[in-house]
Every structure is written in C-alpha cells, then in structure tokens.
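Student: I have a structure to read, and I want to know what the usual labels rest on. Can we go through them one by one?

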Amino acid sequence: MPTGDETAESPAAVRGVPSAQGDERHPQARERLPRSYLWWLVGILVSLVGNAVFYFALGWAAGAYGGGVAGLVLSAITLPRVLLLLLGGAVSDRVSARRVLIVGDAAMLVASLGLAALAYHLGAPPWLLITTGIAVGVVDAFYLPASGSMPRRLVARAQLPRALSLRQAGGQVINMGGGPLGGVLVGLAGLAGAAVFNAATFAFTLIVLAIIRPRYEATQSPGATGLLKEAVDGVRVAFAHPVLRPGLCLTGFAAGFLLPVLSLLVPLLAREREWGAGAAGLVIGAQGVGMVAITLVVVKRGPLGRPGLLSASALVLAGAGVLALALAPGTAGAVAAGSVIGIGNGIFSAHIAPLVLAAAPESHLSRVQAVLVLVQSLALLLMNNVLGTFVDLEGAAVVLVACAVTLVSVGLAGLTSKPLRDDRTGLRAR
C-alpha cells in the first residue's frame with residue numbers, strides 16, 4: 001500500500017505549471033476516482049441524510065417548548081463542538097482518522113437507539129433533547145476533523161478538487177431535500193422514528209468504514225507530547241503556513257459575510273421589501289443551482305485554474321452578487337443576483353477546500369481540518385448575531401451592502417498573496 005501521493009514528492013509536483021499545449025490539468029486529475037473513495041462518499045452522504053432528518057426532528061421537538069429551549073438545544077450542540085474541535089483533530093492525527101470515524105459512528109449508533117427508546121416511552125422532555133445535543137456536539141468535535149481529512153487519505157492530491165466537489169454537490173442536494181424528508185418522517189413516526197432512521201444511516205456508514213482502507217495514509221503523530229500541546233501545534237502550523245494562512249482567512253470571511261446572506265439576510269430583505277416567502281425561496285434556490293452547477297463542472301473536468309487565484313477572485317464575484325441583491329428593485333433582479341452569488345460561492349468552495357487539504361502537512365491533516373471548521377464555526381456564530389443586530393438598526397439592504405464591500409475587499413486582499421495565487425493543486429506538474 002502506498003504511504004503517500006507519488007505526485008507530491010516535491011513542491012514542484014504539487015504546484016506545477018501549464019504545459020506547452022495549454023492544458024494545465026494534472027494527468028492524475030482526469031483518472032477515475034478510487035473505488036474506496038466512492039464507497040466512503042456514499043457512506044458519508046447516507047449519514048448526512050440521517051443527520052438532516054435528525055436535526056429537523058430535534059429542532060421540531062425543542063420548538064414545542066419555545067425559543068428558549070430551542071436555543072439551549074442548539075447551543076448544546078455548538079458549544080462542545082467548538083470547545084473540543086482542536087483536541088479532536090489532535091486525536092485523529094495520533095490514532096488515525098479511520099479509527100476515529102469508526103468510534104464516532106458506533107457512538108452515534110448507540111446514542112440514536114438509546115434516544116429512540118427513551119423518546120418512545122417518555123416523549124421529548126427538554127432534558128433529553130439537551131443531553132442529546134451535548135452528545136452530538138462532542139462526537140462532532142472528533143468526527144468532523146477526521147472526516148475532513150479522509151479525502152486526502154483516499155485519493156491523490158491531483159484528484160482532490162474533483163473528489164471534494166463531488167462531495168459538495170451531494171451535500172447540497174441533501175440539504176435541499178433533508179428538511180422535507182425530516183418533516184415527513186417526524187409527522188409519521190415522531191422523534192423516536194427519526195432517531196431510528198438516523199441509527200440506520202450510521203450503521204451503514206460503519207459497515208463502509210470497516211471495509212475501506214486508506215490508500216495514502218499519513219504517518220501518525222508519535223504522541224511524544226500531550227494532546228493539548230498537539231492541538232495548539234495544529235493552530236501554529238496552520239497560521240504559519242504561507243498558503244494555509246491566507247486560505248483560512250478567506251474561509252473565515254466567507255463564513256462570516258457570505259453564508260449569513262442566504263440563511264439570515266435574504267429572508268429579512270424579503271420581509272423588508274414585502275416580496276413574500278416565495279421570492280426569498282427563489283433567491284436561495286437560484287444560489288443553490290448556481291453553486292451545484294459549478295461543483296459539477298469541477299467534478300467533470302477538474303479545477304478551473306489556480307485554486308488560490310480563483311478562490312480570491314470568487315469572493316469578489318460573490319461580493320458583486322451580494323451588492324446586486326441589495327440594490328435589486330424587484331424579485332427578478334434578486335433571483336439573478338442569487339445566481340451570481342451561487343456561482344461565486346461555488347467557485348470559492350470548489351477550490352479553497354482542496355487547496356487547504358492539499359497544503360496541510362501530512363502529520364497535521366486532521367488538526368488543520370479542525371482549525372478550518374473552528375474558523376468557520378466561530379465566524380458564523382459571531383456574524384449571525386452581529387449582522388442580525390445591525391439589520392434591526394439599519395435595515396437588511398444596508399447590511400447587505402456592508403457584506404458586499406467586505407467580501408470584495410477581502411477577495412482583492414487575497415489576490416496580493418503570491419503563495420496563494422501561485423498554488424497549483426490539481427494542475428499539471430513541472
């Protein structure tokens with residue numbers, strides 16, 4: 001079994017340059033994705049379906065007790081996840097990502113069956129919902145860094161853009177259908193039924209993980225120092241790296257100023273301008289279509305160019321779309337702006353994720369993924385509250401303009417980073 005990516009033995013092999021014929025794509029990028037990755041992807045997507053149904057059921061049950069309990073349940077998931085993420089990345093680098101995923105799936109299988117039994121006999125008291133949220137958050141803290149590092153362990157570096165885009169496209173489809181499916185299952189079988197369904201998806205994923213083996217397993221951390229020191233070292237390595245540092249900064253700003261546009265600001269803008277819920281749904285749907293279209297193009301042909309250059313430029317494009325949304329006189333213009341946002345978001349997501357994963361040192365794969373998730377989570381948590389407060393003061397349109405200016409400025413700043421611009425992950429080697 002190979003221990004590393006044969007195409008990445010030197011910096012030139014990772015970065016590469018265009019060939020004389022003008023085809024910059026790395027030869028390996030065009031090869032069929034490994035069967036082990038495709039099986040793992042099926043397992044992950046099945047698990048995501050279970051999560052979508054389960055989160056809907058948990059939120060629906062909590063909502064019966066009012067906003068206070070619903071907020072506590074969400075906080076019970078988010079807080080342990082944020083507090084333990086760096087430690088989870090260190091554990092994964094020390095004992096192997098696959099083992100962490102197996103333990104995490106087994107734990108969630110048992111927890112889901114336990115919840116189903118308790119919910120069947122007791123209903124959904126607040127203490128049960130909050131306890132379940134804590135369990136989910138703790139498992140997520142270890143599971144997410146390990147899962148984020150698995151594509152690097154299953155495919156060659158040159159194939160990362162296509163592999164991650166395929167996962168992203170599948171996730172987008174599940175996000176669109178998970179809510180309606182959750183509503184149907186909760187209506188038919190309640191929280192207990194949703195928990196049983198979630199347990200079944202974890203059982204399937206557990207079987208997949210037991211079968212597959214990483215093709216490019218990295219050398220594990222020797223464990224000479226404590227886990228806390230290893231976790232801190234992951235932060236140091238991530239922000240000292242000339243490519244990872246600007247890549248993580250772009251990701252943080254995208255999480256803080258782009259993601260809330262769809263989830264928070266579009267509904268508020270629609271209410272402010274009396275467009276109605278249908279118009280807000282069309283804008284969000286147009287964004288999703290644009291994003292999925294770009295990711296499918298990357299799945300088909302590989303990266304569209306230098307990933308760092310495109311990621312920074314995509315934020316500029318997305319910022320222009322957000323500005324157009326703020327200035328749109330009616331729903332037709334807003335839907336068109338949503339498409340531009342989706343294209344920008346799709347280009348950004350399809351190129352920044354493989355760039356960060358490919359640039360991470362093999363000894364710190366999961367820890368860098370933990371830092372990535374932490375940056376996104378903290379930015380989103382902070383800016384959802386900040387932007388929501390400013391909407392109450394100034395209105396949704398003004399806040400959208402501020403988000404647009406920030407995204408364009410950050411994208412232009414990212415273009416000034418030469419290591420980021422010149423990175424050629426997935427392109428032809430020298």
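Tutor: Start with the overall make-up. This is a predicted model. Its secondary structure comes to 15 helices and zero strands.

Student: How many residues does the protein have, and what share is buried?

Tutor: There are 430 residues, and buried ones make up 53% of them. The accessible surface is about 17800 Å². Carbon and sulfur atoms hold 69% of that surface.

Student: What share of the contacts joins residues at least 24 apart in sequence?

Tutor: Take the contacts between residues at least 6 apart in sequence. Of these, 88% join residues at least 24 apart.

Student: Why is Leu-400 called buried?

Tutor: Buried means under 20% relative accessible area. Leu-400 has 0%, so the label fits. The residue sits in helix α14.

Student: What does Leu-400 touch, beyond residues up to four places away in sequence?

Tutor: Its partners are Val-261, Leu-265, Leu-269, Val-322, Leu-325 and Ala-326. Take Ala-326: it is 74 residues from Leu-400 in sequence. In space, their C-alpha atoms are 5.6 Å apart.

Student: What makes a group of residues a nonpolar core?

Tutor: The members must be buried, of certain types such as Val and Leu, and joined through side-chain atoms within 4.5 Å. The largest such core here has 54 residues. Val-261, Val-322, Leu-325 and Leu-400 have the most contacts inside it.

Student: Which elements give two or more residues to this core?

Tutor: They are α8, α9, α10, α11, α12, α13 and α14. α12 gives the most, with nine residues.

Student: Which residues does Val-322 contact, leaving aside neighbours within four places in sequence?

Tutor: Val-322 contacts Leu-258, Val-261, Ile-341, Leu-400, Cys-403, Ala-404 and Leu-407. There is also a second, separate core of 50 residues. Ile-44, Ala-57, Ala-194 and Val-208 are among its members.

Student: Why does Asn-198 count as buried or exposed?

Tutor: The limit for buried is under 20%. Asn-198 has a relative accessible area of 0%, so it is buried. It lies in helix α6, residues 160–211. Leaving aside neighbours within four places in sequence, Asn-198 contacts Gly-50, Asn-51, Phe-54 and Ser-112.

Student: How do you know that two helices pack in a given way?

Tutor: Two packed helices are described by the angle between their axes and the distance between the axes. For α9 and α14, the angle is about 145° and the axes are 9 Å apart. Their crossing is left-handed. On the α9 side, the contact is made by Val-261, Leu-265, Leu-268, Leu-269 and Glu-272. On the α14 side, Ala-396, Ala-397, Val-399, Leu-400 and Cys-403 take part.

Student: At what angle do α8 and α12 cross?

Tutor: Roughly 145°, and their axes come within 10 Å. This crossing is left-handed. Leu-244, Gly-247, Leu-250, Thr-251 and Ala-254 of α8 meet Phe-348, Ile-352, Val-356 and Ala-359 of α12.

Student: How does the reach of α10 compare with the span expected at 1.5 Å a residue?

Tutor: α10 has 25 residues. From first C-alpha to last it reaches 37 Å, close to the expected 36 Å. Just after this helix, Gly-302 takes a positive phi of about 90°.

Student: Why is Val-292 of α10 called buried, if its accessibility is 14%?

Tutor: Because 14% is under the 20% limit, Val-292 counts as buried. Its C-alpha is separated by 8.8 Å from that of Gly-170. Along the chain, the two are 122 residues apart.

Student: Which residues other than glycine have a positive phi?

Tutor: Ser-96 is one of them, with phi near 100°. Glu-274 also has a positive phi, about 60°. Ser-96 lies in the loop between α3 and α4. Glu-274 lies in the loop between α9 and α10.

Student: What makes each of these two buried or exposed?

Tutor: Buried means under 20%, and exposed means over 50%. Ser-96 has 9%, so it counts as buried. Glu-274 has 73%, so it is exposed.

Terms used. Residues numbered from 1 in each chain as written. Predicted model: local features only at pLDDT ≥ 70, side-chain atom pairs only at ≥ 80, totals over all residues. Heavy atoms only, no water. Buried < 20%, exposed > 50% of the residue type's maximum accessible area, 1.4 Å probe, protein only. Helix = DSSP H or I, 4+ residues; strand = E, 2+ residues; numbered from the N terminus. Contact = heavy atoms within 4.5 Å. Areas by Shrake-Rupley, 256 points an atom, 1.4 Å probe, with all protein chains shown as cover. Expected span 1.5 Å × (residues − 1). Axes fitted to C-alpha atoms, helices over the stretch in contact; angles between N-to-C directions. Left-handed = near helix turned anticlockwise from the far one by under 90°.
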